[in-house]
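Trainee: I should like to request a close look at a single part of this model, with attention to how its side chains pack together.

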Amino acid sequence: MTLDDLRMAAAVERGRTLSVLVDGQKLTACEGESIAAALLASGRRFTRWTARTGEPRGYFCGMGVCQDCLVTVDGLPNVRACMTPVREGLRVETQRGLGDWAVSQ
Amino acid sequence: MRTADCVVVGGGPAGLAAARTAARHGVRVLLLDENPELGGQYYRQMPATFATPDQATLGKESVEGRRLIDEVRALGVELRLDSIVWGIFDQRIVALATREETERIAARTLILAPGAYDRPVPFPGWTLPGVITAGGAQNLMKGYRVLPGRHVLIAGSGPLLLVVAHYLVSGGAHVAGICEASSMRQIWRYAHRMLPHLNFVQQGYRNRQEIKRGGTRFLTGHVIRRAVGGPEVTGAVVSRCDDEWRPVGGTELHFDVDTVIVGYGFVSSLELPRLAGCEHRYEPELGGYVPIRSREMESTVPGVFIVGDGAGVAGSAVALEEGHAAGLAVANRLERLLGRDYSREASRARGRLLHLAGFRRVMDELYRFGPGLYTLAEEQTTLCRCEEVAVAEALEAVRDGATHVNEVKAWTRVGMGRCQGRMCGPALSHLIARATGKPVTEAGIFTPRPPAKPVPLAALAHETH
């Protein structure tokens with residue numbers, strides 16, 4: 001089953017396209033999208049691996065409550081992907097455990 | 001410390017309506033929301049960078065929301081978006097933070113409109129990526145026009161299931177099944193009482209016909225049993241349930257899907273009202289705690305008003321009226337709307353709320369939450385998503401003598417993580433009640449602590465004045 005581009009073909013003009021880096025790979029997103037929307041639109045469902053059992057997690061509540069879609073953004077861990085808009089050149093890393101502060105800068 | 005005449009927390013229907021009414025009467029309003037856009041969940045708007053030639057194609061709630069947001073902006077309400085309210089101190093001192101800095105504001109009047117979130121229901125596989133809440137699915141589709149998946153099972157209860165299915169189908173996804181927990185008999189019992197609200201019934205009916213044509217199985221009296229797959233979802237199992245939504249063995253049905261959407265109603269966000277010291281009582285028919293309020297929507301803390309789904313889930317029509325009533329009360333308190341003018345406006349608002357109360361009761365009964373849902377989790381099912389604590393660990397604490405959610409928290413770390421127990425709290429109190437045989441009220445609810453939501457330490461270290 002493939003989940004390539006899940007952007008709905010509705011009568012909507014999206015924001016201009018921009019690129020972000022996800023785990024070092026270039027991903028095209030639309031200005032205004034949340035990080036979670038951009039990841040999910042390209043079929044990327046994992047945002048992090050948990051600290052205790054290492055299992056994958058992703059977008060769940062979609063409204064900033066559950067804290068499951070945490071990613072590391074420009075070196076800052078524990079950023080909610082569902083509440084944070086993409087920006088040109090943003091570096092997003094899927095997060096392991098509680099995140100690694102050493103990555104920053 | 002800055003002072004403000006009126007601070008409204010939450011930019012959904014209730015908060016927007018409150019801000020509009022207060023501002024119309026000349027009150028200077030400061031409106032806070034943690035989202036980048038106003039609207040909350042129900043009125044969720046697309047980002048400002050998105051455009052559409054015809055807003056009407058986005059649905060009634062999007063159009064209504066746009067109008068209300070534009071009015072609030074035109075009235076000069078001061079906005080702080082992307083700002084998390086992480087604490088309320090000394091009753092009306094509001095602490096908010098961006099990623100960079102924090103600020104405290106002393107509010108002369110405070111209107112809390114924190115809203116609600118999807119009732120979290122642990123079941124085997126509920127942490128797999130690809131299992132998402134109905135609210136989360138809505139936000140993705142309404143807010144960003146992105147589908148959560150291609151082959152979808154929807155399980156839950158209430159009219160939102162049909163709305164979600166409608167969005168999925170219109171976006172080109174295949175909805176394999178809609179699994180409604182209420183039985184057809186339960187739905188029919190109240191159907192005649194819905195006649196005064198034909199608009200709503202018709203909308204549901206139209207959606208349902210449209211969905212059936214796409215080959216969707218519509219099951220009533222069924223609940224989700226498990227999501228299967230690994231590392232992401234590849235299927236789901238549902239089964240029949242009884243009137244309390246307890247699953248019935250031997251009736252399992254399997255669906256091959258890449259996405260499972262779960263929506264068993266909503267629970268109020270109680271953290272901010274409780275941090276402010278507002279008293280709550282348990283309402284069994286609402287399946288949760290609601291604040292004690294005067295008819296002006298004032299809580300037990302003077303000058304603190306609570307409106308909308310955060311004060312008992314009743315939907316947007318009630319939220320708008322409650323927000324309006326609180327906006328009037330605040331204008332009166334700040335001497336902007338006095339005497340007969342206030343009495344007249346306030347009594348009209350009360351009349352409209354009374355009219356809506358009938359509809360509210362029907363909805364409460366029709367979509368009454370069945371506590372049998374909390375038997376879906378098995379011993380090894382994750383209860384606390386943040387701290388990764390299994391149901392068995394919590395039950396062991398109960399066997400060792402814990403009777404209150406706060407005790408289980410201290411012994412097992414359930415509810416101690418970043419979501420502050422929002423995801424596991426409702427299930428934990430029901431698990432304790434079942435294990436001890438005592439009423440769910442005796443298991444209690446977690447004590448909220450600031451920060452109500454995680455904020456960067458760097459922000460706390462940098463306070464603006």
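Which residues have the most contacts inside the largest nonpolar core?

Mentor: The model is a predicted one, and the description below should be read accordingly. Its largest nonpolar core has 58 residues, and those with the most contacts inside it are B:V131, B:I224, B:V260, B:Y264, B:L383, B:V414 and B:L428. The element that gives the most to this core is helix 10 of chain B, residues 391-399, with 5 residues.

Two of the residues named above allow a closer view. The first to consider is B:V131. Leaving aside neighbours within four places in sequence, B:V131 is in contact with residues of chain A, namely A:Y59 and A:F60, and with B:F123, B:G125, B:W126, B:A227, B:V233, B:V260 and B:V262 of chain B. Among these contacts, B:V260 is itself listed with the residues that have the most contacts inside the core. Another contact of B:V131 is B:W126, and B:R385 lies over the face of B:W126, at 4.7 Å from the ring centre.

The second is B:Y264, which at 2% relative accessibility counts as buried because the cut-off is 20%. An aromatic pair can be described by two quantities, the distance of the ring centres and the angle of the planes. The structure holds 8 aromatic pairs over all chains. In one of them, the rings of B:W245 and B:Y264 have their centres 6.1 Å apart and their planes at 50 degrees, so the pair is tilted. This pair links distant parts of the chain: B:W245 is in the loop between strand 13 (233-240) and strand 14 (253-256) of chain B, whereas B:Y264 is in strand 15 (residues 259-264), 19 residues apart. B:W245 is also buried, with a relative accessible area of 2%. Together with B:F369 and B:Y374, the residues B:W245 and B:Y264 form one aromatic cluster.

Chain A offers an aromatic pair with another geometry. The rings of A:F46 and A:W49 have their centres 5.7 Å apart and their planes at 70 degrees, so that pair is edge-to-face. A:R96 lies over the face of A:W49, at 4.7 Å from the ring centre.

To return to the nonpolar packing, a second, separate core of 45 residues includes A:V20, A:A37, A:V71 and B:L140.

Note on methods
Residues are numbered from 1 along each chain as its sequence is written. Chains are lettered from A and ligands numbered from 1 in the order in which they are written. This is a predicted model: local features need pLDDT of at least 70, side-chain atom pairs count only at pLDDT 80 or more; totals for chains, interfaces and linings use all residues. Side-chain values use heavy atoms; hydrogens and water are left out. Rings of Phe, Tyr and Trp (its six-membered ring) pair if their centres lie within 6.5 Å; planes under 30 degrees apart count as stacked, over 60 as edge-to-face and the rest as tilted. Helices (H or I, at least four residues) and strands (E, at least two) are DSSP runs, numbered from the N terminus. Buried means under 20% relative accessible area, exposed over 50%, partly exposed in between (1.4 Å probe, protein chains only). A charge sits over a ring if NZ of Lys or CZ of Arg is within 6 Å of the ring centre and within 35 degrees of the ring normal. A nonpolar core is a set of buried Ala, Val, Leu, Ile, Met, Phe, Trp, Tyr and Cys residues joined through side-chain atoms within 4.5 Å. Contact means heavy atoms within 4.5 Å.
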